[in-house]
Amino acid sequence: MGNSDSKLNFRKAVIQLTTKTQPVEATDDAFWDQFWADTATSVQDVFALVPAAEIRAVREESPSNLATLCYKAVEKLVQGAESGCPSEKEKQIVLNCTRLLSRILPYIFEDPDWRGFFWSTVPGAGRAGTDEVDDDSARPLAESLLLAIADLLFCPDFTVQSHRKGGPDTAEDIQSIDSCEYIWEAGVGFAQSPPLNYIHDLNRTELLKLLLTCFSEAMYLPPSSENNILNPWVTFFCSTDNRHALPLFTSLLNVVCAYDPVGYGIPYNHLLFSDYREQLVEHAVQILIVTLEHEGSPAASSPHTDSPPATATLDDQDPVGPDNLFVNYLSRIHREEDFHFILKGVARLLTNPLIQTYLPNSTKKIQFHQELLVLFWKLCDFNKKFLFFVLKSSDVLDVLVPILYYLNDARADQSRVGLMHIGVFILLLLSGERNFGVRLNKPYSVRVPMDIPVFTGTHADLLIVVFHKIITSGHQRLQPLFDCLLTIVVNVSPYLKSLSMVAANKLLHLLEAFSTPWFLFSASQNHHLVFFLLEVFNNIIQYQFDGNCNLVYAIIRKRNVFHQLANLPSDPSSIQKALQRKKKSPEAISRTSSQEGLSMEGSRPAAPAEPGTLKTSLIATPGIDKLTEKSQVSEDGTMISLQKTDSPQTPSDNSGIAGVSDTESNSGRDNEDVFYTETERRRLSNVSSAAQWIPTPDWVLSWKTKLPLQTIMRLLQVLVPQVEKICIDKGLTDESEILKFLQHGTLVGLLPVPHPILIRKYQANAGTAMWFRTYMWGVIYLRNVDPPIWYDTDVKLFEIQRV
C-alpha cells in the first residue's frame, strides 16, 4: 500500500471518530485497527492528520470514544512489549500507537476532568485477550503504558542489538531478558559500545518522545510554592515497579556523555549525513532532567520495600536513598573513572558551540546546551562526590569557560533570561567551595572569541570582566541577578592571588556606579551591592595583599569614591536632590567612566532577541538571602554554618524581589508569594517600589554606619602619602614604578585584625526547585517543534510570550 493511501485511510478513520456520536465498542477491531494496523504514517503526518480541534471535539462530544482510543493504543503497546515485536508489522503498529498517543496526551492533560483518566483502572486492560487474571489486570492505564514503554526500550531487533545468533527471540525470552546486558552505550557501569544502528536510534527516540509527553502533565499545573507536588508519571516510572530503571538510567546518561558531535572524529563529516544520534541525545537529556526530581520530603522518611540493586558502579553505603531510583542511582555514582567520563562528556558538549565560533561548520552545532546545564546542575546538587571531583582539578575550568561564554553572549537577549539564571546558579553553587576560588588562579590562555575587552590574566579576571559586562550592558531584566553575581565574586575573593589591571578597574567601576547617591537612594536593596564589593576588596586586602598591587593601585587612584561613601549625605534635602538627578539620567549604570578598550578579535557583539522570538515566562527567583546560607571559614579551612543573624559584615538581608516577603527564614515557606509571572512582577515592582518606598535619613544611617570601610581607609592612610611622595620625588607619571613599589610594600601590622571569611553557600529551597521546574519545561516546550507536541495547548506552568 502506498504512503498516500495509508495517509488517506488514517485520515478517514480520524474523521469517522470525530463524526460518530454513538460510542464505538472496544471489541470493534475493524474500526480501531484503522488507526494503526495498515498505516505507515510518520509522526509529522500524525500531527497533521489529527488536528487539535478534532481531538478536543471528540473529548467534549464523545468522551467514551476518546477513552477507548487511548485504551486500545496502550493495549497494542502492551502486546508489543509482551511479544517482542518479532514481525515488521508489529513494529509498525507499536510506532503508530506511540505517535498517536504523543499527539493525544497533551489534550487529555489540559482538561482537569480528564487528568485522572490514565490513573483509573480499565477492566481487563492489563492483559488483553488472555484469560489469566493476575495483578496486572487491575493496573491503572498510566502504569501499563509506562511499563510497556520501558520494556520496548530494551526490545531486541527493535531498540537494541539482538544477542541471538539463531532465530528471533521468543516471547518468554523478552519477559526474562536482563536489560543490564543491553545498555545502549559504554560509560558508567558498562564497558561495551554496541555498534551504531540508526533504526534503533530512531525507534528509541520515538518512544522517549512519548515518555516525555507522559511526563509533561507537569506543564498543565500552575506553579505553586508547594515543593512536594511530585509528578505521578515520573514517580511511578522511576520506582522499583520499573525493572528497567537502572539500565535505562545508565543508557540515557551514557548516550548523552559519550556523544561527540564532531561527526565521530571527522571534521565537517556532519554535513554529509543526518545525525540520528543527536535526536536521541536531545531526548535522553530531556528525559534525565525531568526525571531527576527533588522529592518534597526527606528521603529517609519512606522505608523501601525492596532496595534497588547495588551494582559495582554505585556506592551502597546508604542502601535507603530517595525513592526515585534515577535520583538514587545518580547520587550513588562514585568511581573516579565514571566521574571523569561524565565531566569530560558534559564539558565537550558545552564547549561545542564555542568551537563553532572560530572553526565555523567544523562540527555540528548542538542546540541543547540549556538542558546540559540543568543536567550538570542536578549532577552537582544530587551527588556531592561529583561536585568535589569537578573542583579537584582544573577540569572545572572546562565547564566555567563555556558558561561564561553563554552568559556574555545572552546578556542582551530577553528570550534567554532563563539561560542567564541557570549559568549564574551553577557558578553560585561552585563558588561555595574553596577549591573553586583556588582553581580560578590558573592563567586564561584559551582564546574563545568573546565580546569583552582584551586582557592578560587568569580565569578569575575572565569571570570579573564578563560579570562587569553583564551588569553594565545587559538588559534591565537581569537586575535581580546582580546580588548573585557579586556574591560569587565575594565567595572567591579570599583566594584570588593576583587580579589583572583590567579586572581591578572593572571592580572599581562597579563600585563607582553603585555608590552614586541616586542609585543608592532609588531602591531599598541597592546598597547591598556596595556592601558586597567592599567585602571583595577587604577579603583581597586582608588575605591576598601580596600579589594584588593592581587592585591596590586602582583603589588608590579611585580613593575619592571611598571618601564620598564615608561622607554620604543623609539629610532629607540631599536625598531629594539625588533622586531629582536620577530623573534626568535614567540610564541605570553609566558606561562612560569604564575604559572599555577593544573587544577580542573575531567576536560578535551580544545581540538582542530577534523580534517575534518565542519565550516562556519564568517565576521570580528567591532573594540572595533565601538562595544562600552563610558559612564561616575557620583557620584550618573548614566551614562552619552560621545561624542566620544580622552580622555586621552585611546589611540586614532582606530579599530583593518585589513580592517576596522580607522576613528571613531558613525554610522556603515565606516564599509563597514568589510565584508571580514576570509580567505581573514588572507591573508590581514598578508600582510598589515607586509608590510605597521612600528613602529616609534614618534608613540611610541604618546601613551607612555599617559600611565596612575601616580596612580600606587604613590602607589609603598608610599608602597614599608614600605614593604621592614617590611621584613628587621622582617626578613620576609612570604606573610601572608605582606598581613596583606597591608590589614590595607591606601592610603587616598596620591593618585591622582580619575579619573571618564569610562564604554564602547555595541552599536548596522551594522557590528555586519550582523555578527549575518552570525553566526546564519551558525549554523543553520551545525545543520540541518538530512535531510541536505542546504547541497551542493550554499549558499553565508558564506563559508563552513573544519578544
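Reader: In the hairpin of β2 and β3, which residue takes a positive phi?

Author: This is a predicted model. The hairpin of β2 and β3 has five residues between its strands. Among these features of the hairpin, a positive phi near 90° is taken by G637.

Reader: In which sense do β2 and β3 pair, parallel or antiparallel?

Author: Strand β2 covers residues 628-633, and V633 stands opposite M639 in β3. S631 of β2 has S641 as its bridge partner in β3. Over three bridges, the pairing of β2 and β3 is antiparallel.

Reader: Over how many bridges do β2 and β4 pair?

Author: T628 stands opposite Y762 in β4. The bridge partner of S631 in β4 is I759. β2 and β4 pair in the antiparallel sense, and the number of bridges is six.

Reader: What is the order of the strands in the open sheet of three strands?

Author: The edge strands are β3 (639-641) and β4 (757-762), each of which pairs on one side only. β2 pairs with β3 and also with β4. With antiparallel pairing, the order of the open sheet is β3-β2-β4.

Reader: By how many degrees are neighbouring strands of this sheet turned against each other on average?

Author: The sheet in question is the open one with the order β3-β2-β4. With direction ignored, its neighbouring strands are turned against each other by an average of 40°.

Reader: How many of the six residues of β4 are buried?

Author: β4 is an edge strand that pairs on one side only. It is nevertheless largely enclosed by the rest of the structure, because the number of its six residues that are buried is five.

Reader: Is helix α25 mostly covered or mostly uncovered?

Author: Helix α25 spans residues 549-557, and its buried residues include C549, L551, Y553 and I556. What covers these buried residues includes α22 (501-514), α24 (527-543), α26, α31 and α32 (735-744). With eight of its nine residues buried, α25 is mostly covered.

Reader: Why is α26 called oblique to α31, and at what angle do their axes cross?

Author: The axes of helix α26 (residues 559-566) and helix α31 (residues 710-730) come within 11 Å. Angles over 145 degrees count as roughly antiparallel and those of 65 to 115 as roughly perpendicular. The crossing falls in neither range, which makes α26 oblique to α31. The axes cross at roughly 140°.

Reader: Is the crossing of α26 and α31 left-handed or right-handed?

Author: On the side of α26, R559, F562, H563 and A566 take part in the meeting of the two helices. Their counterparts in α31 are I712, M713, L716, V720 and E724. The crossing in which α26 passes α31 is left-handed.

Reader: How far apart are the axes of α9 and α12?

Author: Helix α9 (residues 198-215) and helix α12 (residues 276-291) pack at an angle of about 30°. Angles under 35 degrees count as roughly parallel, and α9 and α12 are therefore roughly parallel to each other. Residues that meet include Y198, L202 and F215 in α9 and Y276, L280 and V290 in α12. The crossing is left-handed, and the axes are apart by 9 Å.

Reader: Is C85 buried or exposed?

Author: C85 lies in the loop between α5 (63-83) and α6 (88-109). Its phi is near 45°, a positive value in a residue other than glycine. Because its relative accessibility is 0%, C85 counts as buried.

Reader: Does D792 count as buried or exposed, and at what relative accessibility?

Author: D792 is placed in the loop between α33 and β5. Although it is not a glycine, D792 has a positive phi of about 65°. The cut-off for exposed is over 50%, so D792 counts as exposed, at a relative accessibility of 53%.

Reader: Which residue does a cis peptide bond join to D786?

Author: The bond has an omega of about 0°. The residue joined to D786 is found in the loop between α33 (766-783) and β5 (800-802). That residue is P787.

Reader: How many residues are in the largest nonpolar core?

Author: Buried residues make up 57% of the 803 residues in the chain. The core members that touch the most other members are F35, F118, L427, F537 and W777. Leaving aside neighbours within four places in sequence, L427 is in contact with residues including L400, L407, F436 and I488. The number of residues in this core is 249.

Technical notes: Residues numbered from 1 in each chain as written. Predicted model: local features only at pLDDT ≥ 70, side-chain atom pairs only at ≥ 80, totals over all residues. Heavy atoms only, no water. Core = buried A, V, L, I, M, F, W, Y, C linked by side-chain atoms within 4.5 Å. Buried < 20%, exposed > 50% of the residue type's maximum accessible area, 1.4 Å probe, protein only. Contact = heavy atoms within 4.5 Å. Pairing = 2+ DSSP bridges. Helix = DSSP H or I, 4+ residues; strand = E, 2+ residues; numbered from the N terminus. Axes fitted to C-alpha atoms, helices over the stretch in contact; angles between N-to-C directions. Left-handed = near helix turned anticlockwise from the far one by under 90°.
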